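The following exercises ask the student to read a protein model step by step. Each task is followed by a worked solution.

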Amino acid sequence: MLGSHVGLGGKEQFLGSVKEALSYGAETFMVYTGAPQNTRRKDISEMRIPEAKALMEESGIREFVVHAPYIINLGNTLKPESFEFSVEFLREELRRTAAMGSRTLVLHPGSHVGEGDDAGIMQIIRGINETFDADTEVRIALETMAGKGSEVGRTFEQLARIYDGVVHNNKLRLCLDTCHLNDAGYDVKGNFDGVLEEMERYFPINQVACIHLNDSKNEQGAAKDRHENIGYGTIGFDRLCAITRMPEFKDTPIILETPYMSAEEGGKDRTYPPYREEIAMLREGVFNPELHKAVLAAYQ
Ligand code: FE
Ligand code: FE
Ligand code: ZN
């Protein structure tokens, strides 16, 4: 299932998110429950969820995923208030995710903010254990991280240590981000089978609940995390397109988080989402060397 991340806000709220996904010809999508950079959120009753669900039903969107905001950090051992806030917010995110009708919440495991991987991992485990109980319906998909700053979760081994410590780890899943894997040092471009083999030393492939399909602006191992449009980065079109065709991921939401494309208009810089054109390109299986032009043409 192919889709992209979409916005949520304004008057239309979640209904607008579904409409945006449909405008890209997507079969699935990923959404933040508000702005990804902050934790201001509307009440569930104001999110226009019933209308959004009706539209999904009508248009055949069977699955989507929710992404927790970036500023949640379960790995912080230095500021107890920040950790407690993250735990409380994550509990609410799980409730919102369930109310919206998704079974998967994607989460960046966290950053150790200078205290080292072991301290970060212990704290993340503690945080998830405080969030989850046996009745939680939503699964948390831990995202593979690029390793910028003090990010934890940049190797499968680290993610496996988190799984090992979580009591209800039957409710944990993985989200593979191709840009992050590349930047963390995995050979996505040259040997993706090898990357999956490495993963399978720790996790069966059915643990992958979501894929973030992004090209990367940086070389393998750069520990940077800067996404690039499909086919325009160091991973390249052929590998990314091949991933969308893997039978193992036939029912997995594959989500584009590639950058908007910019153009100057009336002296101002405006940006446009590339997702409709990128999804079309991946479905066709043919790289479009003039993607920028095609995206701008679609909006003029
Ligand atoms: Fe993410
Ligand atoms: Fe991602
Ligand atoms: Zn990223």
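A residue is called buried if its relative accessible area is under 20%, exposed if that value is over 50%, and partly exposed in between. The structure used throughout is a predicted model.

**Exercise 1. The zinc site**

Task: Determine which protein donors the zinc ion (ligand 3) has, and whether His180 and His227 are buried or exposed.

Solution.
Step 1. Identify the donors. They are His180 (NE2), Asp225 (OD) and His227 (NE2), and they lie 2.0 to 2.3 Å from the zinc ion (ligand 3).
Step 2. Read their spacing in the sequence. The pattern of the donor residues is H-x44-D-x1-H.
Step 3. Place the two histidines. His180 belongs to helix α6 and His227 to strand β11, so this pair ties together parts that are 47 residues apart in sequence.
Step 4. Apply the cut-off for burial. His180 has a relative accessible area of 2% and is therefore buried. His227 has 17% relative accessibility and so counts as buried.

**Exercise 2. The iron ions**

Task: State which residues coordinate the iron ion (ligand 1), and which residue bridges the iron ion (ligand 1) and the iron ion (ligand 2).

Solution.
Step 1. List the coordinating atoms. His67 (NE2), His108 (NE2) and Glu143 (OE) coordinate the iron ion (ligand 1) at 2.1 to 2.3 Å.
Step 2. Write the spacing. Along the chain, these donors follow H-x40-H-x34-E.
Step 3. Locate the histidines. His67 is in strand β3 (residues 65-67), while His108 is in the loop between β4 (104-107) and β5 (110-111); the pair links distant parts of the chain, 41 residues apart. Both His67 and His108 are buried.
Step 4. Find the bridge. Glu143 bridges the iron ion (ligand 1) and the iron ion (ligand 2), and these two ions lie 3.2 Å apart.
Step 5. Relate this site to the previous exercise. A distance of 5.4 Å separates the zinc ion (ligand 3) from the iron ion (ligand 1).

**Exercise 3. The surroundings of Leu181**

Task: Describe where Leu181 is found and which residues Leu181 touches, not counting residues up to four places away in sequence.

Solution.
Step 1. Place the residue. Leu181 is part of helix α6, which comprises residues 178-183.
Step 2. Judge its accessibility. The relative accessible area of Leu181 is 2%, and Leu181 is therefore buried.
Step 3. List the contacts. With residues up to four places away in sequence not counted, Leu181 touches Thr144, Phe156, Leu176, Tyr186, Val188 and Val195.
Step 4. Examine one of these contacts. Phe156 is 25 residues from Leu181 along the chain, and their C-alpha atoms are separated by 9.8 Å.

**Exercise 4. Two side chains with polar atoms**

Task: For Asn73 and Thr244, find which backbone atom lies at a short listed distance from a polar atom of the side chain.

Solution.
Step 1. Begin with Asn73. This residue is in the loop between β3 and α3 (80-100). Its relative accessible area is 12%, so Asn73 is buried.
Step 2. Find the backbone partner. The backbone nitrogen of Gly75 is 2.8 Å from a polar atom of the Asn73 side chain.
Step 3. Add the contacts beyond four places in sequence. Those of Asn73 are Ser82, Phe83, Ser86, Gly110, Ser111 and Val113.
Step 4. Turn to Thr244, which is in helix α8. A polar atom of its side chain lies 2.5 Å from the backbone oxygen of Cys241. The side chains of Thr244 and Arg245 are joined by a polar contact of 3.3 Å.
Step 5. Complete the picture of Thr244. Leaving aside neighbours within four places in sequence, Thr244 is in contact with Leu2, Leu213, Ile254 and Leu282.

**Exercise 5. Aromatic pairs**

Task: State how many aromatic pairs there are, and analyse the pair formed by Tyr232 and Phe287.

Solution.
Step 1. Give the count. There are twelve aromatic pairs.
Step 2. Classify the pair. Tyr232 and Phe287 are 5.1 Å apart centre to centre with 55° between the planes, and the pair is tilted.
Step 3. Locate the partners. Tyr232 is in the loop between β11 (227-228) and α8 (237-244), and Phe287 is in the loop between α9 (275-284) and α10 (291-299); they are 55 residues apart.
Step 4. Judge accessibility. Tyr232, at 32%, counts as partly exposed, and Phe287, at 30%, also counts as partly exposed.

How values were computed
Residues numbered from 1 in each chain as written. Chains lettered and ligands numbered in written order. Predicted model: local features only at pLDDT ≥ 70, side-chain atom pairs only at ≥ 80, totals over all residues. Heavy atoms only, no water. Helix = DSSP H or I, 4+ residues; strand = E, 2+ residues; numbered from the N terminus. Buried < 20%, exposed > 50% of the residue type's maximum accessible area, 1.4 Å probe, protein only. Contact = heavy atoms within 4.5 Å. Donors = N, O, S within 2.8 Å, 3.2 Å for Na, K, Ca; no water. Polar contact = N/O pair within 3.5 Å; in protein donor to acceptor, adjacent residues only side chain to side chain. Phe/Tyr/Trp six-rings, centres within 6.5 Å; stacked < 30°, edge-to-face > 60°.
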